[in-house]
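Hi,

Here's the structure I said I'd pass along. Have a look at it first, and my notes on what turned up are underneath.

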Amino acid sequence: MPKKPITIARALLRWYDRAKRDLPWRRDPSPYRTLVSEFMLQQTVVATVEPYFARFTARFPDVASLAAAGDDDVTALWSGLGYYARARNLRRAAMAIMADHGGAIPSSEEALRALPGIGPYTAAAVAAIAFDARAFALDGNTMRVLARLTGERRPVDVPATRAALHARGLAQVPRRRAGDFNQAVMELGALVCTPRSPRCDVCPLSPGCRARAEGQAASLPRKRPRAERPVVRVVCACITDGARVLVVKRRAGLLAGTWSLPEAADRGARARPGVARRLAEATGARVAGVAYRGAVRHVFTHRDVTAELFRVDVTASGPPAPERRWVSFDGLGALGVSTFARKTVALGVGNVGRRDDRKSRKSRTARPYEKTQKPDTEAFRP
Ligand code: SF4
């Protein structure tokens with residue numbers, strides 16, 4: 001910590017008034033639009049969120065319309081954005097707001113935290129941005145700025161360090177313009193105090209910044225060494241009658257609530273065709289042929305998944321079931337389908353070859369994923 005307490009609000013707000021980005025949720029702001037944007041921005045960068053936010057708020061313009069929507073309708077509009085628990089929790093939060101708050105989003109951090117899917121970060125962000133409450137939202141950006149500003153050398157992924165940084169941030173929140181102050185710290189982290197190349201020469205906080213004074217800006221904040229991602233291998237069956245493909249709804253775990261190809265654990269190369277065939281036969285379909293199509297790799301935040309993909313041609317589909325649907329190749333867009341599922345379908349019915357993509361939307365400058373929501377890692381059950 002610096003010897004003398006620093007005061008950053010004045011310089012920061014002056015910079016923010018000049019430099020802030022024109023973002024959709026800052027236009028025509030409302031508590032509802034703030035709530036939606038904060039859910040979407042968790043673990044996802046601004047550029048990715050913008051089109052999703054526009055579509056989502058056009059279809060569900062207020063709490064009431066979202067609360068009345070079906071789970072599948074909401075997940076479909078989230079399709080491709082990832083972290084699907086956010087979509088389910090946002091809808092559940094809207095339902096709770098209708099049931100317990102007469103449709104008005106509560107203004108206190110405490111009441112916001114009682115809603116589904118809202119943890120300390122989102123509660124503080126919504127309370128401050130939508131209601132100007134004196135709260136401080138500690139996300140990746142704000143944590144980095146504060147750690148550098150105060151020369152914090154302890155790992156920031158340790159709860160005690162985070163608590164200390166939160167307290168330092170909260171102490172800086174001005175009595176007026178608390179929401180703008182929070183957004184200004186976030187914005188500074190996104191545009192100036194960036195993870196790898198902080199632009200200290202143009203930073204409004206440069207005169208009081210301890211990391212800059214000590215030449216430590218680029219090496220802070222510190223984190224504990226990261227554990228390796230577990231590798232998960234599955235067999236996926238692209239079951240098709242030539243015009244349609246069979247998708248199943250994931251009931252739990254990673255990507256719960258989304259639709260994807262049936263899959264099972266990969267027990268080795270020799271067993272794979274049989275596994276794919278049995279996945280089709282289990283639906284009651286009559287199998288005409290099984291062909292290997294290649295592998296799809298998808299790196300989630302905490303899982304590295306490789307799916308060995310088989311096209312299974314069938315001559316007759318099985319009986320209908322609520323958790324199974326036959327959809328046309330073009331009809332996937334109307335369902336909630338993850339990026340991973342899209343990649344597997346594309347390979348199953350289209351190009352043959354190996355796909356090796358890494359998830360790129362997540363960014364160190366994105367909002368944290370709230371702990372009230374199950375992280376992908378814990379939830380994945382192939
Ligand atoms: Fe970040 Fe540099 Fe500004 Fe300090 S002076 S807050 S390290 S950009």
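There are 15 helices and eight strands in this protein. Keep in mind while browsing that the model is predicted.

On overall dimensions, the C-alpha atoms fit a box of roughly 75 × 50 × 30 Å along the principal axes. The radius of gyration comes out at 23 Å, which agrees with the value near 21 Å for a compact globule, given that the protein has 382 residues. Burial is at 54% of the 382 residues. I also checked how far along the chain the contacts reach: taking those between residues at least 6 apart in sequence, 72% join residues at least 24 apart.

Now the surface and the charges. About 17,200 Å² is exposed, and carbon and sulfur atoms supply 50% of that. The charge count is 66 positive side chains against 35 negative ones. The centres of those two sets lie 5 Å apart.

One residue I looked at in detail is Q172. You'll find Q172 in helix α10, which covers residues 159–172. Is Q172 buried or exposed? Its relative accessibility is 16%, and the cut-off for buried is under 20%, so Q172 counts as buried. And what does its side chain sit by? A polar atom of the Q172 side chain lies 3.1 Å from the backbone nitrogen of I8. That pair is a good spot to open in your viewer if you want to check the geometry yourself.

Cheers

Technical notes: Residues are numbered from 1 along each chain as its sequence is written. This is a predicted model: local features need pLDDT of at least 70, side-chain atom pairs count only at pLDDT 80 or more; totals for chains, interfaces and linings use all residues. Side-chain values use heavy atoms; hydrogens and water are left out. Helices (H or I, at least four residues) and strands (E, at least two) are DSSP runs, numbered from the N terminus. The radius of gyration is taken over C-alpha atoms; the globule rule is 2.2 Å times the number of residues to the power 0.38. Buried means under 20% relative accessible area, exposed over 50%, partly exposed in between (1.4 Å probe, protein chains only). Contact means heavy atoms within 4.5 Å. Accessible areas come from the Shrake-Rupley method with a 1.4 Å probe; for residues, only the protein chains shown count as cover. Lys and Arg count as positive and Asp and Glu as negative; His and the chain ends are not counted. The place of a charge is taken as NZ of Lys, CZ of Arg, CG of Asp or CD of Glu. A polar contact is a pair of N or O atoms within 3.5 Å; within protein, one must be able to donate a hydrogen and the other to accept it, and residues adjacent in sequence count only if both atoms are side-chain atoms.
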